[in-house]
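This briefing sets out how the elements of one chain are arranged, beginning with the surroundings of its ligand. Please read it alongside the sequence and the coordinates.

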Amino acid sequence: MTARIIDGKAFAAILRESVAEHVSHLKKTHGITPGLAVVLVGDDPASQVYVRSKGKQTVEVGMHSYEHKLPADTSEGELLALVEQLNMDPSVHGILVQLPLPEHLDEAMVINAIDPAKDVDGFHISNAGLLATGQKAMVPCTPLGCLMMLREYSGNLSGLNAVVIGRSNIVGKPMAQLLLRESCTVTVAHSRTRNLPDILAKADIVVAAVGQPLFVQGEWLKPGATVIDVGINRIDQEDGSTRLVGDVDYDTAKEVAGAITPVPGGVGPMTIACLLANTVTACCRANA
Ligand code: GUN
């Protein structure tokens, strides 16, 4: 069997189109333009690429983009003052502080200083708690994008065995909560899990977010499983170039899985599209 390829790029384009229509409707009916503020501290090259891409796509769907670039030696007080200013600004509906922050800054403190209603990343403890207790929350963008693709490819998820590999606050834990909400039987595995192949043998759904290149082997999968690969790892090639690979060994997995996301072009594009969708949601809730 060769798996169906889950085209995250095409999926994200459709979601962006829908976001753009909502934005246009909000402008016409309420005279409101949603605004997203992105804060970048320091000059991490990967973060700079992400932030540029977020700003560009925000403008493309018709929203206001506010970029705040601060030097790497910004103090916690200065960063918290900016977050507070954005919390108070009615033209800002979503706030995202790009992670990782430089080491001298306390990430949890900064994230928890964001107004939960503007926390479009869904990282604030209030949003994590609301999600875990089945209440209306801002949902983290990467797991939200994964869920949208799973729903499309696996249909009704109720009763399916889902294995999430990875226990991060950004992906693994909220992904597990979302799958529970869909009535899946959820197992959270991670880098220390024993006998992962035995656990995966029963998994109808696999979400790999462990951060280890080519970690999941095709032969471990249940035939027909839907596989979502969140990993983005760079590996050096013999010719000096680098290759982008996921946490799943795509070449062997695609021979066993029923459907699978490629890397790149799978989960990645959906994350930013979901960020735009969350910003519209935050704007609508603020003006309801
Ligand atoms: N760094 C890597 N991914 C993310 C994300 O989804 N949100 C934020 N704020 N920082 C990140």
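Around the ligand stand Leu-96, Val-97, Gln-98, Leu-99, Asp-121, Cys-141, Thr-142 and Thr-271, in a model that is predicted. Two elements, strand E4 (94–97) and H6, each give two or more residues to this shell, which by class consists of 4 nonpolar, 3 polar and 1 charged residues. The points below take up the sheet that contains E4, then the annotated domain and the packing of H6.

**The sheet with E4**

- E4 belongs to an open sheet of 3 strands, ordered E3-E2-E4 and paired in parallel.
- Because strand E3 (64–70) and E4 are at the edges and have a single partner strand each, one side of each is left without a neighbour in the sheet.
- On average, and with direction ignored, neighbouring strands of this sheet are turned by 15° against each other.
- Strand E2 (residues 35–41) and E4 run parallel and are joined by 4 bridges, and Leu-36 has Gly-94 in E4 as its bridge partner.
- Helix H3 (residues 76–88) packs on this sheet, where it touches E2, E3 and E4, and its direction makes about 180° with that of E2.

**The annotated domain**

- An unreviewed UniProt entry carries the annotation "domain: Tetrahydrofolate dehydrogenase/cyclohydrolase NAD(P)-binding" for residues 140–285.
- Over residues 140–285 the chain is 36% helix and 19% strand, with the end C-alpha atoms 17 Å apart.

**The sheet of 6 strands**

- A further open sheet has 6 strands in the order E1-E11-E8-E7-E5-E6, again with parallel pairing.
- Its edge strands, each of which pairs on one side only, are strand E1 (4–5) and strand E6 (185–189).
- Strand E5 (residues 161–165) runs parallel to E6 and is joined to E6 by 5 bridges, with Val-163 standing opposite Thr-187 in E6.
- H6 lies across strand E7 (205–208), strand E8 (226–229) and strand E11 (259–260), and runs at about 160° to E8.

**Packing of H6 with H7**

- Two packed helices are described by the angle between their axes and the distance between the axes.
- For helix H6 (residues 141–154) and helix H7 (residues 172–181), the axes come within 8 Å and cross at roughly 40°, and the crossing is right-handed.
- The contact is made by Pro-143, Cys-146 and Leu-147 on the H6 side and by Pro-174, Met-175 and Leu-178 on the H7 side.
- By class, the residues of this contact of H6 with H7 comprise 6 nonpolar, no polar and no charged.

Definitions and conventions:
Residues numbered from 1 in each chain as written. Predicted model: local features only at pLDDT ≥ 70, side-chain atom pairs only at ≥ 80, totals over all residues. UniProt positions renumbered as here; feature names shortened; annotations may be inferred. Axes fitted to C-alpha atoms, helices over the stretch in contact; angles between N-to-C directions. Left-handed = near helix turned anticlockwise from the far one by under 90°. Contact = placed C-beta atoms within 7 Å. Nonpolar A, V, L, I, M, F, W, Y, C, P; charged D, E, K, R; others polar. Near = placed C-beta within 6 Å. Pairing = 2+ DSSP bridges.
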